[in-house]
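Biologist: Could you take me through the aromatic rings in this one?
Modeller: Sure, let me put it up.

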2 protein chains.
Amino acid sequence: VHHVSVPGLSGDRFAVIYSVAAENEASARQRALDICLEQTVEFPPDLLPPGDIPDHILGRLEAVEPQGSNRYQVRISYAVEITGFELTQLVNVVFGNSSIKPGLRVERLALTAPLHRAFRGPRFGRTGLRELLGVPERPLLCTALKPMGLSAARLGEMAYQCALGGIDLIKDDHGLADQSFAPFRERVLRCVEGVARANHVTGEHCLYLPHLAGPLDTLQERAHFAREAGAGGLMVAPGLVGLDAVRLLANDNTLNLPLLSHPALLGSYVTSGDSGLSHFTLFGQLMRLAGADAVIFPNYGGRFSFSRGECQSISDSTRSPMGHIRPIFPAPGGGMSLDSVPDMLQLYGSDVIFLIGGGLHRHGPDLAAGARHFRELVSVTQHST
Amino acid sequence: VHHVSVPGLSGDRFAVIYSVAAENEASARQRALDICLEQTVEFPPDLLPPGDIPDHILGRLEAVEPQGSNRYQVRISYAVEITGFELTQLVNVVFGNSSIKPGLRVERLALTAPLHRAFRGPRFGRTGLRELLGVPERPLLCTALKPMGLSAARLGEMAYQCALGGIDLIKDDHGLADQSFAPFRERVLRCVEGVARANHVTGEHCLYLPHLAGPLDTLQERAHFAREAGAGGLMVAPGLVGLDAVRLLANDNTLNLPLLSHPALLGSYVTSGDSGLSHFTLFGQLMRLAGADAVIFPNYGGRFSFSRGECQSISDSTRSPMGHIRPIFPAPGGGMSLDSVPDMLQLYGSDVIFLIGGGLHRHGPDLAAGARHFRELVSVTQHST
């Protein structure tokens, strides 16, 4: 077998920190070496031709550390070139085949400048979204138009009421797609109109964000229709349309709209605890790389099961240093009550989007009054903490 | 609150069978009712306006049955209209937010004619792929070009050898994307050339299937480049580019190529066991709806952890009745050895694609000889069983 040299390798490497279930350090090391193979050459190591493939292309085990009972943290580095500098292939290298092996979890990506440079990241981020809204400091308020089954006209009227009451971001419920009872285009027109009418009264800059959940070949068309109609942003669920769809929309200069990511169908990556992706990587690092300006996730204490610590790690990840890639807003949803706001402000800080859905309706049939109440509540609590 | 009627509801419903972790039947029933809400209106039930929304739009609990210790099987039906007859929204209704709740698993979709009609499904399926290959009966053989790091020229030579030895389907390793050391276009040209040269010698119809793992905005362009260059099919990883990308490619009449789906990044849906999607739904039902003609998954007994029973359920799902939607090939990969072929033939039948990667190289440096050996092995075993 001849020596193989791989042209164009810069020597730049990035790393992934995995958590590995193993009975002892030797077994953890073996699992880590399996990841090195599985995520790169996927080939019997003794049959690799000598040269750059085993020396550089193959994943490299950098460190193994005990992490608690039967858990080890391993750090593996990869040549940046094997990602092709594409998001789809980057996630493939990070976890493609290893996602199929139980007991392996991606804890954190340790990317370096060459990879950061390959991605634009969020177009607006925290600062840009605040500028669009004209809200420099306080927590932002978001609600969802629902329930599914209402007509576009009813949803538009609901958008008007919510905007009138001082909500900053009004999004479609994630279950609204292009159903006959409230078709995408009609819904966008009605909701844009409702929000514009309210903004005219309030003097504020509430944004309406329709949900883009259609076939891939309609995604850009629907996005541009929404922009031209006057939508202030877009909601996208990467679990439904693919993470790269977020990047595609974020990179679109003629679109130029803030993006809110929704966690639909992403839960399976984080629910098992010992497999999958960490909350930090999925809801922070990957969403920022893809270009979401805000990330929705279930708040602790609500009807989902995220812990306070997991929400803290998402919050940390939305603002951790990532080269030129902007910090984004955490948008915890559900589980909000009068009592929970002070603790949420302590955890997330004031750079947060409070997402309130059913709770707004619980306040009474006058949604504008419910929204005012919600905004006042956050304001009072913020100033008393 | 006024009565709301939702226009356009046909009364047609489809069902999803979930497995639910619960301590007793009452608690299982409560979790099931939560799914009914979560997957549709996501709204406090007592605040829903009376009429069609609670009566039809809301998910409907049809049955609860004990399924073993602390597990219940529940059947929930949904109005077909809430899917908007789009694949992205169908999977959203089936499992969007519920994916975030531990202990809920989709066991099976029970779709009905109106939903089947909304999807073309696999363009070729088992019969069509056999016709393309001119192989009416025997199991098909597939291999992957690797390791990553080889040049396009080396991969093309490898494709030639494998085709010469009688492999039917030669695919890129799923780690090959558009890296500088073997760029997509150059790789396609070299591999198409290698396979064509071998087909000229053998008189067979081996197909080369490049991996489409690029940014969404290059997907169709790369697919058509491959087709025009002479590629015989395409491999797509729905976990990387989104399930709807498969549908988009399958529906493309000017493309008209068979599609092989790869499980990269899909593992987290099935590894936890008590959450996520069943093997039956993910690798069979959803892949067929999307339009894959063959589905790759890890075989039992190899370096992944799928059990024989799980592989059996995938095999069943590739051919279960789904209206006009064609049966597709199961393509179990890994874990093949001399000893395992008889049992695999018994499990999968002869409508199977045997995917052999590293094992082919293990046979020796002459890949054509390895391929011949592999084909003979399968042929002998098939006729002796």
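Modeller: Here come the ring pairs, their burial and the charges over rings.

Modeller: Ground rules: this is a predicted model, where local features need pLDDT of at least 70, side-chain atom pairs count only at pLDDT 80 or more, and totals for chains, interfaces and linings use all residues. Residues are numbered from 1 along each chain as its sequence is written, chains are lettered from A and ligands numbered from 1 in the order in which they are written, and side-chain values use heavy atoms, with hydrogens and water left out.

Biologist: What makes Phe283(A) and Phe306(A) a tilted pair?
Modeller: Rings of Phe, Tyr and Trp (its six-membered ring) pair if their centres lie within 6.5 Å; planes under 30 degrees apart are stacked, over 60 edge-to-face, the rest tilted. These centres are 5.8 Å apart with 55° between the planes, so the pair is tilted.

Biologist: Why is Phe283(A) called buried?
Modeller: Its relative accessible area is 2%, and buried means under 20% (exposed is over 50%, partly exposed in between; 1.4 Å probe, protein chains only). Phe306(A), at 4%, is buried too.

Biologist: Which residues join these two in one aromatic cluster?
Modeller: Phe297(A) and Tyr348(A).

Biologist: How do you know that the charged end of Arg108(A) sits over the ring of Phe280(A)?
Modeller: The rule wants NZ of Lys or CZ of Arg within 6 Å of the ring centre and within 35 degrees of the ring normal. Here the distance is 4.1 Å. Arg197(B) sits likewise over the ring of Tyr160(B), 4.0 Å from its centre.
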